[in-house]
Amino acid sequence: MGKKVTVVGAGFYGSTTAQRLAEYDVFDTVVITDIVEGKPAGLALDLNQSRAIEGFETKLVGATTGPNGEGYEAIEGSDVVVITAGLPRKPGMSRMDLLETNAKIVRQVSENVAKYAPNAVVIVVSNPLDEMTALAQLATQFPRNRVLGQAGMLDTARFSNFVAEALDVPVKSVKTLTLGSHGDTMVPVPSKSTVNGRPLREAMPAEQIEELVVKTRNGGAEVVALLKTGSAYYAPSAAAARMAKAVAEDSGEVMPVCAWVDGEYGISGVYLGVEAAIGAEGVKRVVETDLDADELASLKEAAEAVRAKQGDVANM
């Protein structure tokens, strides 16, 4: 039985994620679903016609879904489901502005995922990310390790890119880390960041690091303001696709993700951006890293901020 992955939502984020997943050639099937009649089938047809050029065998299937679960039988037996459904931000909007609208969408999608793909690992990318991840777990009733959110991978990639540009070094020579929430209480971790193996704090002054931390925190808003018609999707889709690949390959790769934290860092009972080993069962384990006192305090602060909001989604 081959591997199957579903991407829910055929907007820019969903379609780009589906393309990346297909081109990895590690899945037999990539299913794209959307509520817009014909759109997912059209995208699947178009992407399938690129197989001979790009040299991958993964087949893409498109399915239109309805408000009462119509069309969801196409996702049956999926090993991984990536939920991109929901409205993107518009200029001037915070991720939290999307809470109520996207909560309805994510709940409905999650209930259908539970019905048709009861053994799937769910990767949530809909905003506000930490809250939607918590909601997806409540709506699916899946074990918490099988529901995770994509945020830290993206925020870390943004931080690394900004550092590489500031120092004019290859991006592969930069290692950074971003924990906490996907929002105002994001916690970039300079103490675990390096350039060519040297601590970041030796490579640039503290004020410049702080500037890049703020730039990382506002990374999504900057893209939204420039695009004017939606939010980022190239970097976010790369992050979500890598997570899905780690699940499919049961790689155990350690990645910063939004995962259920239960005792690590002295924090319990909340979905939060932490490092975790990712494999076939979703989160194999949360990986604690040594943080300095300020970073740990910021992470605990982030946990309390998202805990309050995650409590709100239970009734949405």
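**Figure 1. Arg-95, a buried arginine in a predicted model.** Arg-95 has a relative accessible area of 9%, so this arginine counts as buried. Keep in mind that everything shown here comes from a predicted model. Arg-95 sits in the loop between β4 (80-83) and α4. Leaving out residues up to four places away in sequence, Arg-95 touches Arg-89, Asn-127, Pro-128, Arg-158, His-182, Gly-183 and Gly-220. Two of the partners to look for are the arginines Arg-89 and Arg-158. UniProt, in an unreviewed entry, puts Arg-95 under the annotation "binding site", along with Arg-89, Asn-127 and Arg-158. Of these annotated residues, Arg-89, Arg-95, Asn-127 and Arg-158 turn up in the lining of the largest pocket.

**Figure 2. Asn-127, in contact with Arg-95 from another loop.** Here the view moves to the loop between β5 (121-124) and α5 (129-140), which is where you'll find Asn-127. Its relative accessibility is 17%, and buried means under 20%, so Asn-127 counts as buried. Setting aside neighbours within four places in sequence, Asn-127 makes contact with Arg-95, Leu-98, Asn-102, Met-132 and His-182. His-182 is also on the contact list of Arg-95. A "binding site" annotation in the unreviewed UniProt entry lists Asn-127 with Arg-89, Arg-95 and Arg-158. Another "binding site" annotation from that record includes Asn-127 as well, this time with Asn-102, Val-125 and Ser-126 among its residues.

**Figure 3. Gly-9 and Phe-12, two annotated residues with opposite exposure.** The unreviewed UniProt entry has a "binding site" annotation that covers Gly-9, Ala-10, Gly-11, Phe-12, Tyr-13, Gly-14, Asp-34, Asn-102, Val-125, Ser-126 and Asn-127. The lining of the largest pocket includes, from that set, Gly-9, Ala-10, Gly-11, Phe-12, Tyr-13, Gly-14, Asp-34, Asn-102, Val-125, Ser-126 and Asn-127. Gly-9 belongs to the loop between β1 (4-8) and α1, while Phe-12 is part of helix α1. Which of the two is buried, and which is exposed? Gly-9 is the buried one, at 10% relative accessibility; Phe-12 is exposed, with a relative accessible area of 57%. Not counting residues up to four places away in sequence, Gly-9 touches Gly-14, Ser-15, Ile-32, Thr-33, Asp-34, Thr-84 and Ala-85. Among those partners, Thr-84 and Ala-85 reappear in the next view, where they are listed with the residues nearest the centre of the largest pocket.

**Figure 4. The largest pocket, lined from both domains.** This pocket has a volume of about 910 Å³. Its lining runs to 45 residues, with Thr-84, Ala-85, Gly-86, Leu-87 and Pro-88 lying nearest the centre. Sorted by class, you get 22 nonpolar, 18 polar and five charged residues. At least two lining residues come from each of α1 (12-24), β2 (29-34), α4 (99-116), α6 (152-167) and α9 (219-227). Helix α4 gives the largest share, with four residues. Domain 1 (4-149) and domain 2 (152-314) each put in at least three residues.

**Figure 5. The one cavity of 30 Å³ or more.** The structure holds one cavity that reaches this cut-off, and its volume is about 30 Å³. What lines the cavity? Ala-151, Gly-152, Asp-155, Thr-178, Leu-179, Gly-180, Ser-181, His-182, Met-186 and Gly-273 do. His-182 may look familiar, since this residue is also a contact of Arg-95. Both α6 and β8 (178-180) supply at least two residues of the lining, and β8 has the largest share with three. The class tally for the lining is three nonpolar, six polar and one charged.

**Figure 6. Domain 1 against domain 2.** The protein splits into domain 1 (4-149) and domain 2 (152-314). Their contact takes 38 residues from domain 1 and 41 residues from domain 2. The C-alpha centres of the two domains are 22 Å apart.

**Figure 7. Asn-68, an exposed loop residue.** Look for Asn-68 in the loop between β3 (59-64) and β4. Its relative accessible area is 69%, so Asn-68 counts as exposed. Asn-68 and Gln-108 are 40 residues apart in sequence, and their C-alpha atoms lie 8.6 Å apart in space.

How values were computed:
Residues numbered from 1 in each chain as written. Predicted model: local features only at pLDDT ≥ 70, side-chain atom pairs only at ≥ 80, totals over all residues. Heavy atoms only, no water. 1 Å grid on protein atoms, 1.4 Å probe; cavity = no way out; pocket = protein on both sides within 12 Å on 5 of 7 lines; lining within 4 Å. Points joined across faces, edges and corners; volume = space filled by probe spheres on them. Nonpolar A, V, L, I, M, F, W, Y, C, P; charged D, E, K, R; others polar. Domains from an automatic or database assignment. UniProt positions renumbered as here; feature names shortened; annotations may be inferred. Buried < 20%, exposed > 50% of the residue type's maximum accessible area, 1.4 Å probe, protein only. Contact = heavy atoms within 4.5 Å.
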